[in-house]
Amino acid sequence: MSGTSSPEAVKKLLENMQSDLRALSLECKKKFPPVKEAAESGIIKVKTIAARNTEILAALKENSSEVVQPFLMGCGTKEPKITQLCLAAIQRLMSHEVVSETAAGNIINMLWQLMENSLEELKLLQTVLVLLTTNTVVHDESLSKAIVLCFRLHFTKDNITNNTAAATVRQVVTVVFERMVAEDERYRDIIEQPVLVQGNSNRRSVSTLKPCAKDAYMLFQDLCQLVNADAPYWLVGMTEMTRTFGLELLESVLNDFPQVFLQHQEFSFLLKERVCPLVIKLFSPNIKFRQGSSSSSSPAPVEKPYFPICMRLLRVVSVLIKQFYSLLVTECEIFLSLLVKFLDADKPQWLRAVAVESIHRLCVQPQLLRSFCQSYDMKQHSTKVFRDIVNALGSFIQSLFLVPPTGNPATTNQAGNNNSGGPVSTPANSGMLGIGGGVTLLPAFEYRGTWIPILTITVQGSAKATYLEMLDKVEPPTIPEGYAMSVAFHCLLDLVRGITSMIEGELGEVETECQTTTEAASSLTQSSEQQELQSTSDQMDKEIVSRAVWEEMVNACWCGLLAALSLLLDASTDEAATENILKAELTMAALCGRLGLVTSRDAFITAICKGSLPPHYALTVLNTTTAATLSNKSYSIQGQSVMMISPSSESHQQVVAVGQPLAVQPQGTVMLTSKNIQCMRTLLNLAHCHGAVLGTSWQLVLATLQHLVWILGLKPSSGGALKPGRAVEGPSTVLTTAVMTDLPVISNILSRLFESSQYLDDVSLHHLINALCSLSLEAMDMAYGNNKV
């Protein structure tokens with residue numbers, strides 16, 4: 001304001017006004033005498049105001065209806081040159097905030113007439129924007145008329161006007177809500193008494209809202225009406241509206257002004273009673289539609305999902321869940337169940353891709369996932385939402401490896417081009433990219449003849465949704481091969497990373513608080529002892545509740561995670577992807593160990609051990625543990641049997657070592673791949689860094705390492721370190737250069753593994769010694785068996 005109210009600025013404004021009025025008088029001299037006379041009267045009026053008042057701006061505002069009248073008359077001539085001159089003069093007055101409510105209403109009526117005559121459309125939009133962004137005098141009907149004017153211009157045939165009007169509408173909607181936020185701020189310290197409303201209503205009357213809040217309420221309510229194809233209550237004069245544009249506006253308001261809906265029960269009411277039912281209604285075609293099913297089975301044909309609407313609906317749902325979960329617990333349960341259904345194999349592939357992007361937005365918010373678990377999974381008669389999300393991701397990933405039964409890749413999409421982001425039946429040289437005569441292996445997952453490339457979908461470290469951002473597309477996009485798999489893969493990794501860091505962080509806080517409480521208790525005086533005991537009791541209750549949530553989260557997701565990660569570990573042909581999968585399995589194993597969840601801990605450790613050994617390797621301890629843990633190596637995900645994948649013999653992994661199996665009667669040789677060695681290093685890392693939580697699974701870990709050391713032909717040297725040596729009998733162990741560079745590191749970690757046992761507590765050390773004794777007995781039995789032979 002200071003820039004427009006300084007003496008120099010006021011003087012400049014008066015000069016410009018008189019100059020504008022003189023120019024108007026000159027232009028209208030011959031053809032429009034009444035306008036000429038009004039302009040000349042205006043010059044005298046401006047001079048009089050300047051001469052008689054010290055507060056010139058206030059006086060101009062008070063007399064603004066008369067001051068703007070010549071310019072309104074000039075616009076009425078419909079002459080382009082005169083109209084442009086008058087609109088520029090009116091904008092100048094607005095920018096100095098010297099327009100009263102009455103004058104603003106007159107200006108909007110004049111702009112409406114110009115709009116109806118299709119005159120100066122871009123200038124009209126500019127004028128509306130200046131009026132609404134520089135002044136707060138426009139409310140109620142005048143504001144609604146200004147907004148409708150912008151909407152009407154959005155649906156003209158001219159592209160430039162159309163796009164400019166769309167941008168103007170977005171800005172105007174934002175301005176309306178910004179005014180409400182500013183109004184709330186002004187009245188923040190005033191405590192309101194709720195006004196009782198007569199009749200059957202669960203909200204306060206809209207009439208109790210302050211002016212800016214009422215405008216925002218009426219605007220939002222009408223946006224809901226228009227998206228629902230109903231007549232608006234407030235935006236009178238709307239002749240056209242597209243559902244896509246309406247959904248975009250709803251989303252932007254919900255995303256940018258969540259506090260409005262959280263702090264005002266009238267707006268909360270709109271969310272629950274208007275927005276949520278609208279979203280569910282518009283999702284209906286997507287729920288019922290089954291790709292490839294004949295319409296003859298149902299009496300009425302099912303409407304086909306429409307990409308622009310569905311994608312915008314999922315954007316709205318993402319905002320509703322993220323911003324208003326606490327308000328919409330029941331509604332969010334419905335939305336999340338729908339999201340899971342959209343991953344089904346009978347849904348269009350673009351819908352599955354957009355749904356997996358939406359789920360990814362949830363997977364990067366561990367606190368939200370925690371809330372799902374508390375509100376749904378932990379309630380007796382509620383949907384197990386968190387478990388279903390993880391299991392659906394697992395089933396989705398598995399489905400992408402399923403080759404069409406006809407063996408023809410084209411059948412994955414009715415259009416004939418592979419649009420699935422998933423199964424591609426490929427020749428043996430898939431993933432080979434020729435560059436300058438050489439051959440580069442593309443990162444990919446390959447499983448039983450199905451090859452799926454791994455795409456880079458992150459920008460500056462965070463994943464960026466592709467299809468949820470396609471606001472300019474009308475037709476469903478062609479999905480790049482491997483895209484859906486790559487997003488689902490990131491979902492799993494982000495899910496593991498998020499929940500483990502959250503739970504471990506909270507575990508650390510609880511342990512620190514307990515330690516502080518114990519230290520404080522030791523120095524208590526008699527008088528404060530009772531109070532401190534109560535505090536300790538509250539702390540314990542809090543820990544019990546938290547631990548119940550942590551355990552439920554892990555119990556809900558570990559089966560689905562392990563099934564998906566095991567399949568991807570087997571299918572991975574890329575070292576970086578393999579590393580990420582192993583890190584996720586290690587993290588989950590360590591977390592389960594810290595929480596004392598033995599079954600899930602052992603299942604993840606078993607998966608890493610299996611990955612370390614050659615295919616179908618006969619290691620009794622693994623097979624018995626797996627059977628006990630995983631019920632014959634399989635578990636059900638959404639009614640489907642998901643196998644614990646054992647390494648695929650079709651793997652194209654590089655063989656880095658050939659050796660003999662550790663058995664009473666070794667027959668033939670076994671091969672270790674680069675992936676086996678990667679898994680072995682992860683296993684060593686697990687034992688070294690998380691030995692304190694391994695418990696009885698030390699037996700699994702050490703048995704696996706013992707067999708790997710034997711296959712690699714590692715022998716203790718004079719200093720105690722393990723080094724490559726000749727096999728005891730049969731052919732020599734063959735080690736490639738690739739593995740030879742890894743061996744010093746592996747042997748060093750193995751040596752340090754037992755040195756670091758000095759840091760284990762008594763219970764953990766007992767488990768380690770028990771495992772070593774058990775292995776020692778087995779070795780002696782084997783040696784005895786060999787002697788007998």
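Cysteine 557 is buried in this predicted model, with a relative accessible area of 0%. The closest cysteine sulfur to that of cysteine 557 belongs to cysteine 592, at 7.8 Å, and this is too far for a bond. Cysteine 332 gives a similar picture. Its relative accessible area is 0%, so cysteine 332 counts as buried, and its sulfur lies 7.0 Å from the closest cysteine sulfur, that of cysteine 276. Because a disulfide requires two cysteine sulfur atoms within 2.5 Å, the 7.0 Å separation between cysteine 332 and cysteine 276 is too far for a bond. Across the whole structure, a search finds 0 disulfides.

With the cysteines placed, the chain as a whole can be introduced. The chain has 789 residues, of which 50% count as buried, and its secondary structure comprises 28 helices and 13 strands. Many contacts bring together distant parts of the sequence: among those between residues at least 6 apart, 72% join residues at least 24 apart.

Confidence in the prediction varies along the chain. The average pLDDT is 80, and 76% of the residues score at least 70. Over residues 193-204 the pLDDT stays under 50, and the model has 15 contacts for this stretch beyond four places in sequence. Residues 293-301 also have a pLDDT below 50, but here the model shows 0 contacts beyond near neighbours in sequence.

Toward the start of the chain, a pair of helices offers a good place to begin looking. Two packed helices are described by the angle between their axes and the distance between the axes. Helix H2, spanning residues 7-27, packs against helix H5, spanning residues 64-76, at an angle of about 35° and with 11 Å between the axes. Their crossing is left-handed. On the H2 side, the contact is made by Met17, Asp20, Leu21 and Leu24, while H5 contributes Val67, Pro70, Phe71 and Gly74. Sorted by class, the residues of this contact are 6 nonpolar, 1 polar and 1 charged. An α-helix has 3.6 residues a turn, so residues three or four places apart point the same way. On H2, Met17, Asp20, Leu21 and Leu24 take part in the contact.

Helix H2 also holds lysine 11. This residue is exposed, with a relative accessible area of 54%. The C-alpha atom of lysine 11 is separated by 9.5 Å from that of isoleucine 56, although their positions lie 45 residues apart along the chain.

What is the phi of lysine 78, found in the loop between H5 and helix H6? The value is near 65°, which is positive in a residue other than glycine. Most residues other than glycine have a negative phi. Helix H6 covers residues 80-95, and lysine 78 itself counts as partly exposed at 44% relative accessibility. Aspartate 140 likewise has a positive phi, of about 50°, although it is not a glycine. Aspartate 140 belongs to helix H9, residues 140-154, and is partly exposed, with a relative accessible area of 42%.

Alanine 103 provides a link back to helix H5. This alanine sits in helix H7, residues 101-116, and is buried, with a relative accessible area of 0%. Leaving aside neighbours within four places in sequence, alanine 103 is in contact with Ser64, Ser65 and Val68; H5 runs over residues 64-76. Asparagine 63 is 40 residues from alanine 103 in sequence, yet the two C-alpha atoms are 8.9 Å apart.

Further along the chain, helix H18, residues 366-377, is mostly covered, with 9 of its 12 residues buried. Those buried are Pro366, Leu368, Leu369, Arg370, Phe372, Cys373, Ser375, Tyr376 and Asp377.

Is phenylalanine 396, in helix H19, buried or exposed? Phenylalanine 396 is buried, with a relative accessible area of 1%, and helix H19 spans residues 385-400. Not counting residues up to four places away in sequence, phenylalanine 396 touches Leu343, Arg352, Val356, Ala484 and Ala488. Aspartate 344 is 52 residues away in sequence, while its C-alpha lies 7.2 Å from that of phenylalanine 396.

Notes
Residues numbered from 1 in each chain as written. Predicted model: local features only at pLDDT ≥ 70, side-chain atom pairs only at ≥ 80, totals over all residues. Heavy atoms only, no water. Axes fitted to C-alpha atoms, helices over the stretch in contact; angles between N-to-C directions. Helix = DSSP H or I, 4+ residues; strand = E, 2+ residues; numbered from the N terminus. Left-handed = near helix turned anticlockwise from the far one by under 90°. Contact = heavy atoms within 4.5 Å. Nonpolar A, V, L, I, M, F, W, Y, C, P; charged D, E, K, R; others polar. Buried < 20%, exposed > 50% of the residue type's maximum accessible area, 1.4 Å probe, protein only. pLDDT = per-residue confidence, 0-100.
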